[in-house]
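Okay, thanks for coming, everyone. I've got one model to walk you through, and I'd like to talk about how its helices sit together. Let me put it up on the screen.

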Amino acid sequence: MNLKESAEIKKTYQNLSIGMTDFIQPGETEYTKSDVEKCMSLIDNFLNEISKSDSKEVGLLSAKKVVLELNELNEKCEYELIETEQREQIADIIILAGHLKGYNGRNEDITEEWREW
């Protein structure tokens, strides 16, 4: 099951990328297009990993890994990369991916324990 093919994940992913990129104001924001690309790459890697996972334990480890990597990236960007709207979209992608694999409930925030954004 390739979770990147889920219509809901695909739509949220595209909106996230566009929203982050549109918000960039050279000289004013603490992040660049390269940081947005890195963020999207981390999410891509997570979706690939969880798509291939075969147990809840492995799936949740993938979720934890991406949340910690996003914490680090957001810190590097002076906490400006992931604002409220982006936080909701990223969490929704991670939660929905886990739900589609049967690892968590649709409204069960599996990111909260590790998330700093």
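So, let's start with α2 and α4: these two helices are roughly parallel to each other, because an angle under 35 degrees counts as that, and their axes cross at roughly 10°. The axes also come within 10 Å. Before I go on, a quick reminder that this is a predicted model.

Which residues do the meeting, then, between α2 and α4? From the α2 side you've got Cys 39, Ile 43, Phe 46, Leu 47 and Ile 50, and they meet Ile 90, Ile 93, Ile 94, Ala 97 and Gly 98 in α4.

Let me pick out Leu 47 from that set, over in helix α2. Is Leu 47 buried or exposed? Its relative accessible area is 1%, so Leu 47 is buried. If we skip the neighbours within four places in sequence, Leu 47 is in contact with Ile 93 and Ala 97, and also with Leu 3, Lys 4 and Ile 9. For a sense of scale, go 16 residues along the chain from Leu 47 and you're at Tyr 31, with 23 Å between the two C-alpha atoms.

Ile 93 comes up again with Thr 12, which is in helix α1, residues 7-23. Leaving out neighbours within four places in sequence, Thr 12 is in contact with Ile 93, Gln 89 and Asp 92. Thr 12 has 14% relative accessibility, so it counts as buried, the cut-off being under 20%.

Now for α3, residues 56-76. Here's a sanity check you can do in your head: with 21 residues at 1.5 Å a residue, α3 should span 30 Å, and its end C-alpha atoms are 30 Å apart, so that agrees. And which residues of α3 are buried? They are Gly 59, Ser 62, Ala 63, Val 66, Val 67, Leu 70, Asn 71, Leu 73 and Asn 74. Our pair from earlier is back here too, as the cover over those buried residues includes α2 (33-52) and α4 (84-100). Then, just after α3, look at the backbone of Glu 78, where phi is positive, at about 55°.

Last stop, the rings. How many aromatic pairs does the structure hold? The count is 0. There is a charge over a ring, though: Arg 115 lies over the face of Trp 117, at 5.6 Å from the ring centre.

That's my tour, so over to you for questions.

Methods. Residues are numbered from 1 along each chain as its sequence is written. This is a predicted model: local features need pLDDT of at least 70, side-chain atom pairs count only at pLDDT 80 or more; totals for chains, interfaces and linings use all residues. Side-chain values use heavy atoms; hydrogens and water are left out. Helices (H or I, at least four residues) and strands (E, at least two) are DSSP runs, numbered from the N terminus. The expected span of a helix is 1.5 Å times one less than its number of residues. Buried means under 20% relative accessible area, exposed over 50%, partly exposed in between (1.4 Å probe, protein chains only). Contact means heavy atoms within 4.5 Å. Rings of Phe, Tyr and Trp (its six-membered ring) pair if their centres lie within 6.5 Å; planes under 30 degrees apart count as stacked, over 60 as edge-to-face and the rest as tilted. A charge sits over a ring if NZ of Lys or CZ of Arg is within 6 Å of the ring centre and within 35 degrees of the ring normal. Axes are lines fitted to C-alpha atoms, for helices over the stretch in contact, and angles run from 0 to 180 degrees between N-to-C directions. Angles under 35 degrees count as roughly parallel, over 145 as roughly antiparallel, 65 to 115 as roughly perpendicular and the rest as oblique.
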